[in-house]
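Please open the model in your viewer with the backbone drawn as a cartoon, and keep the side chains hidden until a stop on the tour calls for them.

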Amino acid sequence: METPGSQSSLHRANLERVVRAVRLAGSLTQAEIARTTGLSAATVSNIVRELKDGGTVEVTPTSAGGRRARSVSLSGDAGIVIGVDFGHTHLRVAIGNLAHQVLAEEAEPLDVDASAAQGFDRAEELVERLVAATGVDRTKVAGIGLGVPGPIDVESGTLGSTSILPGWTGTKPAEEMSRRLGVPVHVDNDANLGALGELVWGSGRGVKDLAYIKVASGVGAGLVIDGKIYRGPGGTAGEIGHITLDESGPVCRCGNRGCLETFAAARYVLPLLESSHGTGLTMESVVRLARDGDPGCRRVIADVGRHIGSGVANLCNLLNPSRVVLGGDLAEAGELVLGPIRESVGRYAIPSAARQLSVLPGALGGRAEVLGALALALSEMGDSTLLDGSLSVVAPAFT
């Protein structure tokens, strides 16, 4: 039995620190592990050797700064995580291993205005089908990350009141999916997961403070502070869509007037073009027309960018992030929308905050949220199970 403060307990703690650093990053050189954990190079070398001999990590030759180095990642068969993303019009599922490799991914149309039970049924079926198709060992499933387009109460896991998902209010998505699939499930809103996805795999790599802005049926932001998602005590941090731009503006779904969402979200923007372009437009088609030179669509996209920039300027003044990543279909407009965002930030943000900020399009497109769900599952799993080889006890096979 290990005694707290003993040499064996200290060694165990160092093992877990190294495994956690590698698990969260995907892969690190031994020098990077030392910097991340604060352990000495010699200690890291000995621990990596021990973990490699035990089959927990894999070590491959690489280079860093022009010098030869060794890249450390978790073993490809050490465990499996699953990401599930409920979008407003789609369901997407991905399967990945602990080395941050995506093994399979599939999406299908889904109307989340239907009942929550129907949504959970479809998600269960798609997870089961994808797991069977990849042939992964079900006993190796360490956890599932789940994304929904609505506010999640941090303590209870309950989906809060939202007009985007009226039939889902009061449900506990993580609890329901865990009951169905028999593995631990962790849930968060889509903007937070988009931020996690871009932080780990996309345009947020290498920074510790960023805001991920998603513009779809609503407008939300995922906030990363010091490398971690900031949710707030009630889980509603990042509701940038409800910053007031015009107290006499349109009535928002939240009950206030002139929220940013009423000037930028698809449900408010698309009707502006109906008289000139007809019905049936989507944000994706508007972006495509704008890129092809359509003057009306270009004007609307630019206006949306300026409004979003006003909200981003407020974030800059409050939180001073080093990077803002724009996600969703709107990001495909490139400089047509990014330029106006930067223009508004330059006008309304404190100059020192504006100078330090970079505004980039998301690198992951529509995959950001499901990859963020994988990242959530990776961040929430325990390291002791990897060291003890006891994943199958913590995460039994699906029921």
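Select glycine 65 to begin: in the hairpin of β2 and β3, which has two residues between the strands, this glycine takes a positive phi near 65 degrees. Extend the selection to β2 (residues 57-64) and β3 (residues 67-74), which pair in the antiparallel sense over eight bridges; strands here are DSSP runs of E with at least two residues, helices are runs of H or I with at least four, and both are numbered from the N terminus, while two strands pair if DSSP finds at least two bridges between them. Within this hairpin, valine 57 stands opposite leucine 74 of β3.

A word on the basis of the tour: this is a predicted model, in which local features need pLDDT of at least 70 and side-chain atom pairs count only at pLDDT 80 or more, whereas totals for chains, interfaces and linings use all residues. Residues are numbered from 1 along each chain as its sequence is written, and side-chain values use heavy atoms, with hydrogens and water left out.

Next, select the five strands that form an open sheet of mixed pairing, in the order β6-β5-β4-β7-β8. At its edges stand β6 (102-109) and β8 (185-189), each with a single partner strand, so one side of each is left without a neighbour in the sheet. On average, neighbouring strands of this sheet are turned by 15 degrees against each other, direction ignored; axes are lines fitted to C-alpha atoms, for helices over the stretch in contact, and angles run from 0 to 180 degrees between N-to-C directions.

Now add helix α4 (residues 116-134), which packs on the sheet and touches β4, β5 and β6, its direction making about 145 degrees with that of β6; contact means heavy atoms within 4.5 Å. Helix α6 (residues 190-201), by comparison, lies across β7 (141-148) and β8, and runs at about 105 degrees to β8.

Stay with β7 and pick glycine 147, which lies in that strand. At 0% relative accessibility, glycine 147 counts as buried (under 20% relative accessible area, with exposed over 50% and partly exposed in between, for a 1.4 Å probe and protein chains only). Leaving aside neighbours within four places in sequence, glycine 147 is in contact with Val84, Asp85, Phe86, Asp188 and Leu193.

Finish at threonine 171, in the loop between β7 and α5 (173-181), where a polar atom of the threonine 171 side chain lies 2.7 Å from the backbone oxygen of tryptophan 168.

Note on methods: A polar contact is a pair of N or O atoms within 3.5 Å; within protein, one must be able to donate a hydrogen and the other to accept it, and residues adjacent in sequence count only if both atoms are side-chain atoms.
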